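Please look through the model shown below, beginning with its overall make-up and then moving to its interior and to a single side chain.

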Amino acid sequence: RCQLIPESYKGENLDKPLIKQKKVSFKVTDFKMAGKHKTAKDSLAWMKSNIADKVQLNQIKDVAVLNQITKSLKNAYEKHGLKRLDAVKFKRGKAWASASGGELNINQKIFTKKKLQESYEQSVANYGKPWRNHLALMKKRLKEAKGDDPNIYFYKSQIKKAEKRVAEMSNFKRHNALDKNNIAKSIIDHEIGHIIHDQFTGKLNGEFYLRNKNLSYEIRSKWNSEWISIFRKAKKEGLINNISEYASKDHYELFAESYAMYVRGDKLPKIIKDYLDKYLTTKDFD
């Protein structure tokens with residue numbers, strides 16, 4: 001009746017056989033598998049199973065990038081009980097991504113490690129540097145120009161334009177609130193902010209994608225009006241400056257940028273954090 005056990009074993013029930021626990025495995029489409037996939041195909045299958053009726057992102061091959069996307073989606077759906085989307089699909093043009101209560105559109109050309117890093121450098125690490133370099137170059141060219149140089153007017157107009165842009169950018173520390181270590185995730189977190197805004201209050205599409213169809217127009221209007229007031233106050237008092245330049249565009253982008261910072265625990269102006277704390281946990285939206 002003797003049995004071999006590790007010398008360090010401190011457990012009980014030595015009168016019973018020690019049974020090795022079976023390792024639990026999950027299907028690639030299991031909700032818990034978000035951010036853990038080993039192939040792009042599995043990540044897309046997970047999105048199709050858990051997030052959207054249609055998924056068209058076949059050009060994104062880097063599974064590490066896709067894992068950031070699925071992790072962002074899982075966290076939001078788990079915490080906020082969002083409605084299933086009509087589609088997660090590709091987007092053309094220069095924008096990184098876009099979203100509403102029913103769709104998430106992703107620019108596949110941007111979602112590579114190289115392009116994402118370039119986007120971070122341009123938006124955060126080297127924010128404003130191209131304009132400052134351009135201003136210095138135009139001043140140099142103007143100084144070197146002779147009186148009959150036909151480009152003098154061009155140099156002067158470029159200097160004026162660059163000085164204005166450099167002054168504008170000096171008010172902010174970055175163009176977008178990107179996370180250096182999770183660039184793809186922070187972009188998707190921003191877009192989820194738009195999805196939440198629309199599904200919770202119908203801010204973008206009225207009642208069409210509302211998470212709770214029974215939510216009264218009065219409640220939705222109250223929350224939206226409060227946020228617009230916060231946007232105006234934050235812009236007037238310069239509170240937006242520490243979030244991003246893009247957040248100053250309008251109240252939609254302030255919400256999305258603030259949400260992206262909120263979910264990763266970044267410091268936000270108190271008026272914005274208090275609103276999000278209440279907005280994202282209140283039973284009015286259940």
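**From surface to interior**

The accessible surface of the protein amounts to about 17200 Å², and 51% of this belongs to carbon and sulfur atoms, areas being taken from the Shrake-Rupley method with a 1.4 Å probe and, for residues, with only the protein chains shown counting as cover. This is a predicted model, in which local features need pLDDT of at least 70 and side-chain atom pairs count only at pLDDT 80 or more, while totals for chains, interfaces and linings use all residues. Residues are numbered from 1 along each chain as its sequence is written, and side-chain values use heavy atoms, with hydrogens and water left out.

The protein holds 9 helices and 4 strands, which follow one another from the N terminus as α-β-α-β-β-β-α-α-α-α-α-α-α; these are DSSP runs (helices H or I, at least four residues; strands E, at least two), numbered from the N terminus.

Of the 286 residues, 43% are buried (under 20% relative accessible area, against over 50% for exposed and in between for partly exposed; 1.4 Å probe, protein chains only). The largest nonpolar core has 62 residues, with Met47 and Phe111 having the most contacts inside it; such a core is a set of buried Ala, Val, Leu, Ile, Met, Phe, Trp, Tyr and Cys residues joined through side-chain atoms within 4.5 Å. Its largest share, 8 residues, comes from H6.

Ser186 also lies in helix H6 (residues 183–201), and Ser186 is buried, with a relative accessible area of 3%. Beyond residues up to four places away in sequence, Ser186 touches Ala177, Leu178, Asp179, Ala260 and Arg264 (contact meaning heavy atoms within 4.5 Å).
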